Amino acid sequence: MIIDCHGHFTTAPPQLAAWRERQVAAADGAGQAPDPAELVITDDDLRTAIEGNQLRLMDERGIDLTVFSPRASFMAHHIGDFEVSSVWARICNDLVHRVSGLYPGRFAMGAMLPQSPGVDPATCLPELRRAVEDLGAVSVNLNPDPSGGHWTAPPLTDRSWYPLYEALVEYDVPAMIHVSTSCNPAFHTTGAHYLNADTTAFMQLLQGDLFADFPTLRFVIPHGGGAVPYHWGRFRGLATALGRPDPVELLENVLFDTCVYHQPGIDLLTRVIPSRSVLFASEMIGAVRGTDPDTGHHFDDTRRYVDATPHLNAEQRAAVHSGNALRVHPRLAARLAAATSD
């Protein structure tokens, strides 16, 4: 079985973006905020959005199931206030839930949170609980920088985040550390901000003792961990200089995905990071949608790279493909087990 732990609804029906444009305009003082009831997206609209896109590519690439969350760049927590984010998160989560209901064997829901700059993270708890209890979310996306590239939030080890962590531990649900759109012109969203955030999050965790307080909390750092595997010696050296444990000790709680879009990158990731801490992912259809002129294959066809790397044996490759995902997402494992028993 192949489980892609990192998918976003990047092909949502155009009605969603049109409604969001009206909401953003209202947040900027141009007119009234639209009513969520005015957004009409039918099941046929969702099927059209999924079947010719994500589902087609999953079938072509041999991916059985995707953990599917709202489009990361659309989270845009820096827009408006908490109320704006709260309404938007609810709408996006409901849509992803509907997709997982239409294709229960192919998609499992990941939720976004209604974060807002300068607002207590505990305000996200009602939506987190609704997403897990009512919608069946198996993971959530946690944005370490709701300001959109200005990094005004405290580090992930700060106690202000603890109410969210307590809920994640209670539900046994992992969080993917995933930023959203950059509104800072110095940082391209997917080419700089995403990878910067992955690296920054890991360094924050290295500097703190978060997992002493939450030994069962699990984070997935996407995009191959940003610069972390490539600069593993730097992080080990910094840990020594700071009097911190070797960063390998973080890898019981911190995992990296395989959204790395070339063979040498996957080879490095799987050579440096223990296989137990690597989850298969492609983030298709996402930031990099083109074809590599050197190979003729899509950059984001990451299964090819994972299958080809010499640094995994058959048992390790199976763990990366699905075993680790089931261990890290117990609610997904339980859901699949229940489906099998039925």
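What share of the 342 residues in the chain is buried? In this predicted model, buried residues make up 52% of the chain. The legends below take the whole chain, then its parts.

**Figure 1. The whole chain holds 14 helices and eight strands.** The radius of gyration is 19 Å, and the globule rule gives 20 Å for 342 residues, so the chain is as compact as a globular protein of that length. Along the principal axes, the C-alpha atoms fill a box of roughly 55 × 45 × 45 Å. Contacts reach far along the sequence: of those between residues at least 6 apart, 76% join residues at least 24 apart.

**Figure 2. Eight strands make an open, parallel sheet.** The strand order is β1-β2-β3-β4-β5-β6-β7-β8. Why is one side of β1 and of β8 left without a neighbour in the sheet? Strands β1 (3–9) and β8 (278–279) stand at the edges and have a single partner strand each, so one side of each is left free of a neighbour.

**Figure 3. Strands β5 and β6 run parallel and are joined by two bridges.** β5 covers residues 175–177, and β6 covers residues 219–221. In this pair, Ala175 stands opposite Phe219 of β6.

**Figure 4. The largest pocket has a volume of about 410 Å³.** Its lining counts 19 residues. Nearest the centre lie Leu195, His223, Cys259, Val260 and Tyr261. Two helices, α8 (189–207) and α11 (263–272), each supply at least two lining residues. By class, the lining has twelve nonpolar, six polar and one charged residues.

**Figure 5. The second largest pocket has a volume of about 200 Å³.** Gly208, Asp209, Arg244, Pro245 and Leu250 are the closest to its centre, out of 14 lining residues. Elements that give two or more residues to this lining are α8 and α9 (210–213). The largest share, three residues, comes from α9. Eight nonpolar, two polar and four charged residues make up the lining of this second pocket.

**Figure 6. One cavity of 30 Å³ or more is found in the model.** About 80 Å³ of space lies in this largest cavity. Which residues are closest to the centre of the largest cavity? They are Cys5, Val67, Ser139, Asn141 and Met176, from a lining of 14 residues. Sheet strands contribute here: β1, β2 (65–70), β4 (139–142) and β5 each supply at least two lining residues. β1 gives the largest share, with four residues. The cavity lining has six nonpolar, eight polar and no charged residues.

**Figure 7. Phe299 lies in the loop between β8 and α12 (302–308).** Its relative accessibility is 24%, so Phe299 counts as partly exposed; the buried class ends at 20%. Leaving out residues up to four places away in sequence, Phe299 touches Tyr261, Val288, Gly290, Thr291, Asp292, Pro293 and Tyr305. How far apart in space are Phe299 and Tyr261, C-alpha to C-alpha? The distance is 5.1 Å, although the two residues are 38 apart in sequence. Tyr261 also appears in Figure 4, among the residues that lie nearest the centre of the largest pocket.

Conventions. Residues numbered from 1 in each chain as written. Predicted model: local features only at pLDDT ≥ 70, side-chain atom pairs only at ≥ 80, totals over all residues. Heavy atoms only, no water. Pairing = 2+ DSSP bridges. 1 Å grid on protein atoms, 1.4 Å probe; cavity = no way out; pocket = protein on both sides within 12 Å on 5 of 7 lines; lining within 4 Å. Points joined across faces, edges and corners; volume = space filled by probe spheres on them. Nonpolar A, V, L, I, M, F, W, Y, C, P; charged D, E, K, R; others polar. Rg over C-alpha atoms; globule rule 2.2 N^0.38 Å. Buried < 20%, exposed > 50% of the residue type's maximum accessible area, 1.4 Å probe, protein only. Contact = heavy atoms within 4.5 Å.
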